[in-house]
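Open the model in your viewer and keep the sequence panel beside it. We will go from one selection to the next, pausing at each stop to see what is there.

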Amino acid sequence: MSPAIDMDTSVDTAISKLQRMMTIREFETQVNLLFNQDLVRGAVHSSAGQEAVAVGVAGQLDNRDYLASTHRGHGHAIAKGASIHGLMAELMGRSTGVCSGKGGSMHVTDASVGLLGANGIVGASIELGIGAALTCQVKAEGHIAVAMFGEGAVAQGSFHEGMNLAALWKLPIVFVCENNNYAVSLHVKDSIAAPHVVDFAAPYGIPSARVDGMDLTAVEKAFAEGADRARSGRGPTLIEADTYRFMGHSRGDPAFGTYRSKEEHQSWKNRDPISAYANARSIGDETVAGLEVEARHNVQDAIDAALESPMPVPSDAYRHLFWER
Ligand SMILES: Cc1ncc(C[n+]2csc(CCOP(=O)(O)OP(=O)(O)O)c2C)c(N)n1
């Protein structure tokens, strides 16, 4: 794995990255509670535990860079700059949501920040990312695309087709695999033939890096190299970030006790990316506690605003399907 080097230039920058990760964690915690109260409908997939990947990647993109997300997309959306008010309202089916309350958790999209959307089809982010990367290549304005996906997508044809095409056309894309070890309950060792996801890069001639996905700085370093390669016309990169989801796969799935042991779960929680980053950057308990209060306040504000917002009206059912002037 790549050793982590310090990408931060100032304490303020480090604090703002920590704050972003803590906002994601708080958002996911509250969404889980709202789901249990039936205020969030449809399936939700928590990204708690995977915040360092979201922030390490999306934190280095601007609004004109594209990011295609997965079914586990709340963290990617927040890290890419979508408003937590718009996201929370979307999950709660309100007309003030980022998709006017019609998309829900698995379709959160915000074109204004380059977020191409969460996605319920495992592996589809790869093809969407490829299309976005082709757009960037044709426009030649120095922008890039990122395709996020879980290791569950690696056994799909879309992964191999996408890698092949990106290498062939030297597309400005970074493939980021969040290897959280499990596709629902299936362990990665039982789903892919190679020891590591990055092993699939060499046959396509794609440079790759495997990093500790619980270490924000390690993710940033690997992604910076990939992004630079893409921006300078040198083609794609594959990054495998080893990580773990702290909650169950989706609704009703326990965090541990069935296909994951309590001990395994605890061993990853001991490497929590938020406390790991605070410790690595010597950000004190008092500052962390202050950030926690701020995150709680901001997310609660988003919940309150969503609760006060109307549901979409039936007459809008056919709106937003096509581009409107
Ligand atoms: C094409 C496709 N096949 C199967 C599913 C059902 N499904 C939903 S999530 C999931 C597991 C995905 O695992 P992974 O890609 O590793 O992402 P993670 O859930 O671990 O974040 C599966 C199989 C789906 N949504 N799409």
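## Stop 1: a loop residue and its contacts

Select V198 and display what surrounds it: setting aside neighbours within four places in sequence, V198 is in contact with S208, A209, R210, L238 and E240. Keep in mind as you look that this is a predicted model. V198 sits in the loop that links β6 (186–187) and β7 (208–212). Is V198 buried or exposed? Its relative accessible area is 13%, which is under the 20% cut-off, so V198 counts as buried. Now add D228 to the selection and draw a C-alpha to C-alpha distance: V198 and D228 are 19 Å apart in space and 30 residues apart in sequence.

## Stop 2: an enclosed strand

Next, select residues 173–179, which form strand β4. Seven of the seven residues are buried, so β4 is largely enclosed by the rest of the structure. Turn on the side chains. In a regular strand, side chains alternate between the two faces of the sheet. Which residues of β4 point which way? I173, F175, C177 and N179 point one way, while V174, V176 and E178 point the other way.

Add residues 145–150 to bring in strand β3, which runs parallel to β4 and is joined to it by six bridges. To line up the pair, find M148, which stands opposite V176 in β4.

## Stop 3: helix α10 and helix α1

Move on to helix α10 (residues 285–308) and show it with helix α1 (residues 11–36). Their axes are 9 Å apart and the helices pack at an angle of about 45°, so α1 and α10 are oblique to each other. The crossing is right-handed. On the α1 side, the contact includes I15, L18, M22, F27 and L34; on the α10 side, look for V288, L291, A295, V299 and I303, among others. By class, this contact of α1 with α10 has 10 nonpolar, four polar and four charged residues.

## Stop 4: helix α10 and helix α4

Keep α10 on screen and add helix α4 (residues 84–91). At what angle do the axes of α4 and α10 cross? They cross at roughly 50° and come within 8 Å, and the two helices are therefore oblique to each other. This crossing is right-handed. From α4, select I84, H85, M88 and A89; from α10, select N298, V299, D301, A302, I303, A305 and A306. Colour them by class and you should find eight nonpolar, two polar and one charged residues. Before you leave, highlight V299 and I303 of α10: they take part in the contact with α4 and in the contact with α1.

Technical notes
Residues numbered from 1 in each chain as written. Predicted model: local features only at pLDDT ≥ 70, side-chain atom pairs only at ≥ 80, totals over all residues. Heavy atoms only, no water. Axes fitted to C-alpha atoms, helices over the stretch in contact; angles between N-to-C directions. Helix = DSSP H or I, 4+ residues; strand = E, 2+ residues; numbered from the N terminus. Parallel < 35°, antiparallel > 145°, perpendicular 65-115°, else oblique. Left-handed = near helix turned anticlockwise from the far one by under 90°. Contact = heavy atoms within 4.5 Å. Nonpolar A, V, L, I, M, F, W, Y, C, P; charged D, E, K, R; others polar. Buried < 20%, exposed > 50% of the residue type's maximum accessible area, 1.4 Å probe, protein only. Pairing = 2+ DSSP bridges.
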